[in-house]
Every structure is written in structure tokens, then in C-alpha cells.
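Please open the model in a viewer and keep the sequence at hand. The tour below proceeds by selection, with a short account of what is found at each stop.

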Amino acid sequence: GGGSPGRRGSYDESYRGRTGYGESYRRGSGGWKGVDQNVPPLLRLARAIERAVLVRFFKTTRGDDWSRRGGWLTSKPVTGWQGIVCDQRGLLNRLNLERNANLDGDLSHVLGRGLLRYCQQLCLFNTDVSGHLSPGITSLTNLRLLRLNKTHINGPIPPEIGNLVNLVELWLSDTHVSGPIPREIRHLVNLERLGLSASEHNIQGRMGISGSIPPEIGELRSLKKLWLQRTRISGSIPPEIAKLQNLTHLYLFATDISGSIPKEIGNMENLQYLHLEQTDLSGPIPPQIGHLKNLEELYLSETYISGVIPSELGSLYRLKRLWLMHTSLSGHLPPELGGLKQCLYLCLNNTAISGPLPSSLSQMANLRELYLHDTEVEGRGLGIVWGYRSAALNSLNRSGCAITV
């Protein structure tokens, strides 16, 4: 109780009792001083509470040492403080302090449960903030952007993350966040971008995200980009992932995922980038992948996939990169690969692929690099195969196979 617009007193007492901010905004240090008295009392109260929270945030995170702190703690409205954008009511809409040197502190308790309830963007990317994803963050139910990547945030992703139903982007990459992806993530039905990965230059190596990919991830129907690379994710790829019909980027490389590639992935018609390399995946390449007409990159290298290259891959007419090296693939190269007319890089080295080089590959006029070394592919007169027409073919690595020019 206590939040009814018709009961200002109880609203006031409720906030003062729960936050400890009551005295600061009553005295003026939280912002009552100089406020237009024509502003409705509840709106004035909400502004004052937000100001008090921001003052506490500043002091807790070494604000005096920030590299960008223009306007902070002055008598200006908070919309004049650097990194803050307010809505037309004067309430906090965006808090963007990314790349702010010396911003350092524990966020676990500083934000306060629900006290920045109107905030839609919280961006502390590439700062030194730490702590865990506390109720002060997971209660910000109007958030659309939460960007905490490249920080020292730690601990598990709490089930309460499912409260952020308006979230469009969630960035926790290159942090110390660990543990499984909670099933409650299914409630983030507006989410378009989910980053839980580690970058190539992350000094801690892989992210601590672990466990299997929950089948509930298939309920994120708005999701367009999913980054889970360089994590400790394991288990199989759930077939429910194919429900992500808007997904364009799927990065699962350098993880511990295993099992076979689900044939249902062939239903993800908007997929453009499929990176499954450096995993424990095994079994054949599903022919259904040939249905991915928008696919531009297919990386399956350094896995245990086996069998033949399905001829259906020749239907991927937008494909630019096909990396199949360091796998257990065998059999002949299908002539249908000649249909990859946009392909720039074809990497087949260190496989058991054998047989003649199909003359149909001469249709790959945009090919820049072809890797066939350490295979059993054979052929003569490679210049005749290409007819010397592919000036873009500037790298042909054929050592260790029976190819002659």
C-alpha cells in the first residue's frame, strides 16, 4: 500500500521508510530546493527520490574521480547532469555512463529496489562497476536496454531477470557473471539482442555462463542476435531454438556443446550467420541447412562432424564463407557447390574429403581463397577448371593433396 495518488502522506512515508532517502529530499539536498511549486506533489516527490538515488550512486562509485561528471551534484535539474536523459515529465529515462574512467563501485544495493522505475536505458559499459544483478536492477521493469558488458559484475543471472519484460537488449558479455541461463528468461518476449559471451581478447578466457541452453529460449520470438560464444555452455542444441524465426545471428562457437546439429535449424529462414565451430558437435551436416537462403557464413570447423557434404549446401546462393576444415567429413565434393557464386572463402583442409575436384567449381567466380591441403582431393589442370577467369582467387593452398595446376 501507500502508493495511491490520493494519499500523498502514505506515499511519502512508504518511500521514506523503504529507502532512507526521505530526509535528503525533505532538506533540499535531494532536489526540492528550486523546484517549480506548480509541479504536482507526486511528480515532485518522484523526481526528488530519483535525484537522491543518483546522488547516492555518484558518491558510492567515486563520482569525484569520474572522467565525465559534468553537472553532477549541482543545483541543475538532473537532466543537465552528464549522461542523463529525462522524459517530458523530468523523470529519468536514460542513464548512460559508458567508458567513464574511474567509475568504480558495487551496484548490488546502490540503486535501490524500484526507485528508478521509469528508467528505460541503463548503460555502464566498459566501467569498473561490480556487484551482482540485484533487485535494484531486476525491478527496473521499464528497462529496454541493460548494458553492463565489460564490467566486473559477477554472480548468477537471477530468475528475477524475467521481470524485465520490456527489455530489448541485454548485454552481460565480458563480465564475471556465471552459472546457468535461468528458464525465466522466457518472459523476455521483446528481447532482440542477448549477449552473454566473452570476446577474443578477454583476459579471463571463457565466460562463466554454464549449463545447457534452456529449451525456453525458443520463446524469445523477437530475438535477432544471440551471442553465447566462449562460454561454458554444454549439452545439446535444443531443437526449440528453431522457433526463433527472427534470428539472424547465432554464435555458439568455442563452447562445450555436443550432440548433433538439430535438423530444425533449417527452418530458421532469416539466419545469416551460423557459427558452431570449436565445439564437440558430431554427426552429419543436416541437409536442411540448405534451406537457409539468407545464410552468409557457415562455420563448422574444428568439430567432430562427419559424413559427406550434403549437396543441398549448393543452394546457399548468398553464402560468402564456408569453413569445414579440421572435421571428420569424407566423401567427394558435390558438384552442386558450384552454385555458391557469392562464396569468397572455401576451407576444406584437414578432412578426409577425397575424389576429383568438380569442374562446376569454375562457376565460383568470386572465390578468393580455397584451402584443400591435407585432404585426398585430386585433379589436374586446375587452371583449366577455373579457366584463369577468377582473378580473385589469390590464395590456393593445395599442399598435401593430389592437385596440379
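In this tour, two residues are said to be in contact when heavy atoms lie within 4.5 Å. The coordinates belong to a predicted model.

**The whole chain**

Begin with a cartoon view of the complete protein. Its secondary structure comprises five helices and 27 strands. Of its 405 residues, 51% count as buried. Among the contacts with a separation of 6 or more, 56% are accounted for by residues 24 or more positions apart. With a surface display switched on, the protein exposes about 17400 Å², and 46% of this is supplied by carbon and sulfur atoms.

**Asn190 and its surroundings**

Select Asn190, in the loop that runs between strand E9 (176-179) and strand E10 (193-195). Is this residue buried or exposed? Asn190 is partly exposed, because its relative accessible area of 33% lies between the limits of 20% and 50%. Next, display the residues around it. Beyond the neighbours within four places in sequence, Asn190 is in contact with Val165, Asn166, Leu167, Val168 and Ser222. For Val165 there is a particular atom to pick: its backbone oxygen is reached by the side chain of Asn190 at 2.8 Å. Glu169 may be added to the view; its C-alpha atom is 8.7 Å from that of Asn190, with the two positions 21 residues apart along the chain.

**Helix H3 and the residue after it**

Move to residues 41-60, which form helix H3. How does the distance between its end C-alpha atoms agree with the span expected for 20 residues? At 1.5 Å a residue, the helix should span 28 Å, and the end C-alpha atoms are 28 Å apart, so the two values agree. Then select Arg62, just after H3, where phi is positive at about 60°.

**Aromatic pairs**

Show the side chains of Phe, Tyr and Trp. The structure holds eight aromatic pairs. One of these joins Phe58 and Trp66 edge-to-face, with 4.9 Å centre to centre and 65° between the planes. Phe58 is buried, with a relative accessible area of 3%, and Trp66 is also buried, at 1%. Extend the selection to Phe57, Trp72 and Trp81: ring pairs link these residues with Phe58 and Trp66 into a cluster.

Now select Tyr299 and Trp323, which form a stacked pair at 4.5 Å centre to centre with 15° between the planes. This pair links distant parts of the chain, since Tyr299 belongs to strand E18 (residues 297-299) and Trp323 to strand E20 (residues 321-323), 24 residues apart. Tyr299 is buried at 9% relative accessibility, whereas Trp323 is partly exposed at 26%.

**Arg147 over two rings**

Which rings lie beneath the charged end of Arg147? Select Phe125 and Trp171 together with the arginine. The charged end sits over the ring of Phe125, 4.2 Å from its centre, and also over the ring of Trp171, 5.7 Å from its centre.

**Two buried loop residues**

Select Ser301, in the loop between E18 and strand E19 (304-307). Ser301 is buried, with a relative accessible area of 2%. Apart from residues up to four places away in sequence, Ser301 touches Glu277, Gln278, Trp323, Leu324, Met325, His326 and Thr327.

Continue to Leu316, in the loop between E19 and E20. What is the relative accessible area of Leu316? The value is 0%, and Leu316 is therefore counted as buried, the limit being under 20%. Outside its neighbours within four places in sequence, Leu316 is in contact with Ile289, Gly290, Leu292, Leu295 and Leu340. The C-alpha atoms of Leu316 and Leu295 are 6.6 Å apart, although the residues are 21 apart in sequence.

**Two further positive phi angles**

Finally, select Asn102 and Ala254 in turn. Asn102 is not a glycine, yet has a positive phi of about 75°. Asn102 is found in the loop between strand E2 (92-96) and strand E3 (104-106), and is partly exposed at a relative accessible area of 35%. Ala254, which is likewise not a glycine, has a positive phi of about 55°. Its place is in the loop between strand E14 (249-251) and strand E15 (256-259). Ala254 is buried, with a relative accessible area of 13%.

Technical notes. Residues numbered from 1 in each chain as written. Predicted model: local features only at pLDDT ≥ 70, side-chain atom pairs only at ≥ 80, totals over all residues. Heavy atoms only, no water. Helix = DSSP H or I, 4+ residues; strand = E, 2+ residues; numbered from the N terminus. Expected span 1.5 Å × (residues − 1). Buried < 20%, exposed > 50% of the residue type's maximum accessible area, 1.4 Å probe, protein only. Polar contact = N/O pair within 3.5 Å; in protein donor to acceptor, adjacent residues only side chain to side chain. Phe/Tyr/Trp six-rings, centres within 6.5 Å; stacked < 30°, edge-to-face > 60°. Lys NZ or Arg CZ within 6 Å of the ring centre and 35° of its normal. Areas by Shrake-Rupley, 256 points an atom, 1.4 Å probe, with all protein chains shown as cover.
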